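Please look over the structure below before reading on. The report then takes up its fold, its open and enclosed spaces, and two residues.

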Amino acid sequence: MKVVGFSGYSGSGKTTLVEQLIARFRLAGQRVSVVKHAHHDFDIDHEGKDSWRHRQAGAFEVVVASDRRLAKIREYEVQAEPTVHQLIAELYDCDWVLVEGFKHADLLKIEVWRADAGKPAQYPNDPFVVAICTDSPDRLPKPTGLPLLDLNQPDAVAHFLLGNPQRYEYRSPLFDADAAPPHADAGAGAGPADRRDPAASGD
């Protein structure tokens with residue numbers, strides 16, 4: 001299983017990019033799952049539904065299933081913030097997991113950055129960022145040798161990831177005592193679809 005994160009502030013375009021990549025990975029024959037960080041008040045259940053009533057009665061977990069889909073709702077007995085690794089462990093086997101949010105997680109990730117959003121960039125201080133996906137490469141706050149991907153070209157982003165899948169092979173720190181967090185410079189090369197900031201190389 002391969003895992004890659006997509007980090008960036010709200011409004012940067014993470015969700016749109018992940019949505020576009022899911023379709024392209026599926027066309028490439030890949031089974032894709034998504035882990036997304038949500039605000040504390042999100043809910044997928046609806047008042048009055050049977051599953052909502054079971055939760056209100058005090059059930060710890062409610063599993064609802066049909067012949068088309070399954071949903072599991074867990075009520076934390078005390079307030080908790082699960083790690084991204086705990087959430088990945090909940091998933092059924094797949095080829096790729098795309099993680100949206102969790103900007104501070106110890107996962108290889110692509111930073112999604114728009115200059116017009118007015119938010120700081122993460123890559124100068126995050127060793128897990130492997131590439132920057134942006135519509136404003138000339139406005140990056142600091143020069144970088146990281147690959148620069150065009151936010152408006154999801155095919156190129158998919159090609160970048162699928163061109164070097166072994167780099168993103170996941171080893172869970174929950175179950176593998178020898179698993180060490182990967183860093184951005186782990187693995188060979190950046191992949192076939194990158195372009196780099198010329199200011200960083202002196203070109």
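The sections below go from the whole chain to single residues.

## Model and confidence

This is a predicted model. The mean pLDDT of the protein chain is 86. Of its residues, 86% reach 70 or more.

Residues 186-203 are another matter. Here pLDDT stays under 50. The model still has 38 contacts beyond four places in sequence for this stretch. Where pLDDT is low, predicted coordinates should not be read in detail.

## Overall fold

The protein chain has 5 helices and 9 strands. Starting at the N terminus, the order is β-α-β-α-β-β-α-β-β-β-β-α-β-α.

There are 203 residues in the protein chain, and 38% of them are buried. Among contacts with a separation of 6 or more, 58% join residues 24 or more positions apart. The chain exposes about 12,200 Å². Carbon and sulfur atoms supply 49% of that area.

## The two largest pockets

The largest pocket holds about 1,600 Å³ of space. It is lined by 32 residues, and those closest to its centre are Phe42, Lys72, Arg74, Tyr76 and Leu87. Three elements each give two or more residues to this lining: β2 (32-36), β4 (70-74) and α3 (84-89). By class, the lining has 17 nonpolar, 6 polar and 9 charged residues.

The second largest pocket holds about 390 Å³. Its lining counts 16 residues, with Gly8, Ser10, Lys14, Lys36 and His37 closest to the centre. This lining divides into 3 nonpolar, 9 polar and 4 charged residues.

## Enclosed cavities

How many cavities of 30 Å³ or more does the structure hold? There are 2. The largest has about 50 Å³ of space. Its lining comprises Gly8, Tyr9, Ser12, Glu111, Val112, Trp113, Arg114, Ala117, Lys119 and Pro120. Of these, 5 are nonpolar, 2 polar and 3 charged. Gly8 also appears among the residues closest to the centre of the second largest pocket.

The second largest cavity has about 30 Å³ of space. Gly5, Phe6, Ser7, Val99, Gly101, Phe102, Ala105, Leu107 and Lys109 line it. Strand β1 (residues 2-7) gives the most to this lining, with 3 residues. The classes here are 5 nonpolar, 3 polar and 1 charged.

## Phe102: an unusual backbone angle

Phe102 is one of the residues lining the second largest cavity. Its place is in the loop between β5 (96-100) and β6 (109-113). What is the sign of phi at Phe102? It is positive, about 50°, although Phe102 is not a glycine. Most residues other than glycine have a negative phi.

Is Phe102 buried or exposed? Its relative accessible area is 15%. Buried means under 20%, so Phe102 counts as buried.

## Ser33: a serine under cover

Ser33 lies in strand β2. Strand β2 (32-36) is also one of the elements that give two or more residues to the lining of the largest pocket.

Why does Ser33 count as buried? Its relative accessibility is 18%. That value falls below the 20% cut-off, so the serine is classed as buried. Which residues does Ser33 touch, leaving out those up to four places away in sequence? They are Leu91, Cys94, Trp96, Val97 and Leu98.

Methods. Residues numbered from 1 in each chain as written. Predicted model: local features only at pLDDT ≥ 70, side-chain atom pairs only at ≥ 80, totals over all residues. Heavy atoms only, no water. 1 Å grid on protein atoms, 1.4 Å probe; cavity = no way out; pocket = protein on both sides within 12 Å on 5 of 7 lines; lining within 4 Å. Points joined across faces, edges and corners; volume = space filled by probe spheres on them. Helix = DSSP H or I, 4+ residues; strand = E, 2+ residues; numbered from the N terminus. Nonpolar A, V, L, I, M, F, W, Y, C, P; charged D, E, K, R; others polar. Buried < 20%, exposed > 50% of the residue type's maximum accessible area, 1.4 Å probe, protein only. Contact = heavy atoms within 4.5 Å. Areas by Shrake-Rupley, 256 points an atom, 1.4 Å probe, with all protein chains shown as cover. pLDDT = per-residue confidence, 0-100.
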